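Could you walk me through this structure in my viewer? I am new to it and would like to know what to select next and what is there.

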Amino acid sequence: MRRLAAVDAQTWWMSAKLPSDQFLLYGFDGVPSNLVGVLDELRMRARGAADLALCVRDDCRLTYPAWVHREVGDDQFVVHDVGEPGWNEGLDLVARLADDQLDATAAAWRLHVFPGVRGIPGAGGPGTVAVVQVAHALGDGIRSSALAAWLFGRADPVPAVPSQRFVGARLPVRAFRAARTHRELVRDTASGAVPPQAESRPALRSNAAPVGTRRVRTIVRRRAEISGPTVTVGVLAAVSSALSGHLRALGEDPATLGAEVPMAKAGVRYAHNHFGNVGIGLYPELDSQDRMTRIVADFAQRRRRAAHPAMAAASRAFAATPAPLLRWGVAQFDPTLRSPVVTGNTVVSSVNRGAADLTFGTCPVVVTAGYPALSPMMGLTHGVHGIGDTVAVSVHAAESAVDDVDAYVGRLEQALRP
C-alpha cells in the first residue's frame, strides 16, 4: 500500500466535481484476425506494469487515499462492435466515452477497442482504434502516455514514483520556508530578475460552460509540415489564427487571446501528476513569425519563474498539507461559479509519445491523439500529440463554444499550412 501524494489525492477528489479522465487514442493499420488473442496479450502486458494493477482505496477521512493492488481484469477491456465507421464517425463515438467516467476505487484505467474503422490517417485500409481511458490521478499526460506505450509493446518499463512518507509535523517548517522564499520571489519580481506571473485574460466565448453536443476532430500532419521552432509553438501560432477568426465572427475581440498550457515541472517526480498550467499569449495581431517569437519568449519566462526556489518550496509545503485540510478545501470548490478572467481562452496540451514502435497484435501504430477534458470555464481544448514523424492536432469542443466544429477545424487546417 502506498499513499497518494497530495496533488494526486486532490486530483482524485476534484474528479467528482470536474470529470478529468484522459482518453489516449491510438490508430493502428489493420484489424487483427484473432482479436481475443490480442486482448489476452495486452492483459499480460498490463500485469507487467505495477501502475496498471492499481486502484484507489479511500476509506478514512483522516488520511490520504492509498494506491492498492487490483488484479487486471476482463472488465478493463471493452470491444465496441459498431460496424465499420468512418474516421470522424469513430471520433464521435470516442467523444461519447467521456459520459462514463472511471471510478478509480474500482479501476484506474480501461481500454476501449473499435475494430474496423475506415479512413484512419496513415492506414492502408480498415484499421483499429484503441483508446486508453486513464483516471488523471494515475498519471499526467507524460506518464499516462508511457503506460499506454508499455501496454502496446514498448520495451521501456515505466519507472515507479518514489514513495514519500507523509509527516504532518513538517508542514510548519515547510510553510515557513515557503513564506520566506515567496518574499524573495516578490523582491526578485519587483527588481526584474524574475518575470512576473502571467496576467489573467478576459473570458471569451471559448470559455463558455460546455453545453450541447460535444465533438472531437483530429488533423494529422508530418512534423516537417508544421512551421516553427517546435511543434508546440507552431501549433499555438495556428490556434491563434483559427480561434481569433472564430471569435471575430461571433463579434468578440480576441486582442488579449491566450492559451492555458500544461508544462512539465523540473526536478524529481514525487507524484503521478508532475506538471503545472501556465498562461501563454497568442498574439493574434502579429504576423506568424513575430507571433511565434513572442510565444517562445513567453515559454522562456514561464520556465524562469518556475525555476525560482519559491516554487519548489511551495510544492513541498503543499505536499505536507494534512489530508483532512485538503479534503475540506476541495469540498468548498463550487464548479458552478464563473469568473470574468481566466488563465487562457483555450487549453493546448502537447505530448510527444515517442517512436512509432507500438503495435496492436501485428498491426503497427500510424497515429496517436488526445482530447483534453472540457470544464465549466473551458468549452474548447486542443491536443497536440506526436508519434514517430506524425503529429495529430486535435480539437475537443462543446456546441456552446463552437457551434460548427468542422468549420472551426477548417480554419485550423488553413492556419497549419506551411
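Here is a short tour of this predicted model, one selection at a time.

**Stop one: helix 2.** Select residues 35–47, the 13 residues of helix 2. At 1.5 Å a residue they should span 18 Å, and the end C-alpha atoms are 19 Å apart, so the two values agree. Now colour Gly37, Val38, Leu39, Leu42, Arg43 and Ala46: these are the buried residues of helix 2. What lies over them? Show strand 5 (77–79), strand 6 (109–117), helix 4 (141–151) and strand 14 (359–360), which are among the elements covering those buried residues.

**Stop two: the sheet.** Strands 5, 6 and 14 also lead you to an open sheet of six strands, whose order is 5-6-7-2-15-14 with mixed pairing. Which strands form its edges? They are strand 5 and strand 14, each pairing on one side only. Zoom in on strand 14 and add strand 15 (residues 363–370): the two pair in the antiparallel sense over two bridges. Pick Thr359 there, and you will find Pro364 of strand 15 standing opposite.

**Stop three: helix 4.** Bring back helix 4, which packs on the sheet and touches strand 2 (22–28), strand 6 and strand 7 (127–134). Turn the view to compare directions: helix 4 makes about 40° with strand 2.

**Last stop: an annotated span.** Select residues 280–417, where an unreviewed UniProt entry places the feature "domain: O-acyltransferase WSD1 C-terminal". This span is 37% helix and 28% strand. Its end C-alpha atoms lie 22 Å apart.

How values were computed. Residues are numbered from 1 along each chain as its sequence is written. This is a predicted model: local features need pLDDT of at least 70, side-chain atom pairs count only at pLDDT 80 or more; totals for chains, interfaces and linings use all residues. Side-chain values use heavy atoms; hydrogens and water are left out. Helices (H or I, at least four residues) and strands (E, at least two) are DSSP runs, numbered from the N terminus. The expected span of a helix is 1.5 Å times one less than its number of residues. Buried means under 20% relative accessible area, exposed over 50%, partly exposed in between (1.4 Å probe, protein chains only). Contact means heavy atoms within 4.5 Å. Two strands pair if DSSP finds at least two bridges between them. Axes are lines fitted to C-alpha atoms, for helices over the stretch in contact, and angles run from 0 to 180 degrees between N-to-C directions. UniProt positions are given in the numbering used here, feature names are shortened, and annotations may be inferred rather than shown by experiment.
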